[in-house]
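Thank you all for coming; I would like to take a few minutes to walk through one structure. Please have a look at it on the screen before I start.

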Amino acid sequence: MLRTVNRVVLGVVGLVLVLLGGSVLAVGLGAPLPSWWIHDGRHDVLLSVAERTRWRDAAWWWPTVIAVLAVLVLLALWWLTAVLRRRRLAEVLVDTGDGEGALLRGRALEGVFAGEAGDLDGVARAHVHLTGRRTAPEARVRLLLEPHVDPATALHHLTTHALTHARTSAALATLPTEVRLNAVKHRADRVN
């Protein structure tokens, strides 16, 4: 969802900026003024002296302008950090015991973990997502359970089998895991 919203917002903002910038460039190079153009000619300024000094005497004007710009900068920085932050762990550092380390691809560990979790009795589908640091990974597991399965039993089997195997195979002391359990939607049984 976030990726789609980012692409749509960036596309719309980019299109508006390209259209506005292109029209300013075209008018500056001598193209005829469009009917919607807000200025009178090629050498017209963006803000006239009267427009720039109109609110100068109002005590609220400059604090409001600075506050709005500060909020816009903070929102832009928040968006930039949200976009640049890696959501998925690319690799896990495995301690080999000889003072060196080996790198395990995060997707490989996710795939094996999800495969073992999906093989458990009553699990229709499993999805695993690794986050955190490469020296201290964390897992998010989403299990889709069949209607006949007891959630506590499925969770117990996940922690004793798939989670334990993933943790020991990557030589991790701990692997904090958040598990979400959902039920498969099914039709009601008919009684004849």
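I will talk about two helices and then about a group of aromatic side chains, and please keep in mind throughout that this is a predicted model.

Let me begin with helix α5, which runs over residues 151-169. With 19 residues at 1.5 Å a residue, α5 should span 27 Å, and because its end C-alpha atoms are 26 Å apart, the expected and the computed lengths agree. The helix does bend, by about 35°, and the place where α5 does so is Leu158. Leu158 is also among the buried residues of α5, together with Ala154, Ala162, Leu163 and Ala166. As for what these buried residues pack against, the partners are helix α4, at 106-118, and the strands β4, at 137-145, and β5, at 177-183. After α5 comes Ala171, and the phi of Ala171 is positive, near 55°.

That brings me to α4, which has 13 residues and reaches 18 Å from its first C-alpha to its last, close to the 18 Å expected at 1.5 Å a residue. In α4 the buried residues are Gly106, Leu109, Glu110, Phe113, Ala114 and Ala117. Since they cover an arc of only 125° around the axis, they sit on the same side of α4. Their cover includes α5 and the strands β1, β2, β3 and β4.

One residue of α4 that I would like to look at separately is Glu110. Is Glu110 buried or exposed? Its relative accessibility is 4%, and as buried means under 20%, Glu110 counts as buried. Which residues is Glu110 in contact with, if we leave aside its neighbours within four places in sequence? They are Arg88, Val128, His129 and Leu130.

Finally, the aromatic side chains, where the structure holds two aromatic pairs. In the pair of Trp60 and Trp61, the ring centres are 5.7 Å apart and the planes stand at 85°, so this pair is edge-to-face. Trp61 also pairs with Trp62, again edge-to-face, with 6.3 Å centre to centre and 65° between the planes. Through these ring pairs, Trp60, Trp61 and Trp62 are linked into a cluster. With regard to accessibility, Trp60 counts as partly exposed at 46%, Trp61 counts as partly exposed at 26%, and Trp62 likewise counts as partly exposed, at 45%.

Methods: Residues are numbered from 1 along each chain as its sequence is written. This is a predicted model: local features need pLDDT of at least 70, side-chain atom pairs count only at pLDDT 80 or more; totals for chains, interfaces and linings use all residues. Side-chain values use heavy atoms; hydrogens and water are left out. Helices (H or I, at least four residues) and strands (E, at least two) are DSSP runs, numbered from the N terminus. The expected span of a helix is 1.5 Å times one less than its number of residues. The bend at a residue is the angle between axes fitted to the seven residues ending there and the seven starting there. Buried means under 20% relative accessible area, exposed over 50%, partly exposed in between (1.4 Å probe, protein chains only). Contact means heavy atoms within 4.5 Å. The arc is that of the directions from the helix axis to the C-beta atoms. Rings of Phe, Tyr and Trp (its six-membered ring) pair if their centres lie within 6.5 Å; planes under 30 degrees apart count as stacked, over 60 as edge-to-face and the rest as tilted.
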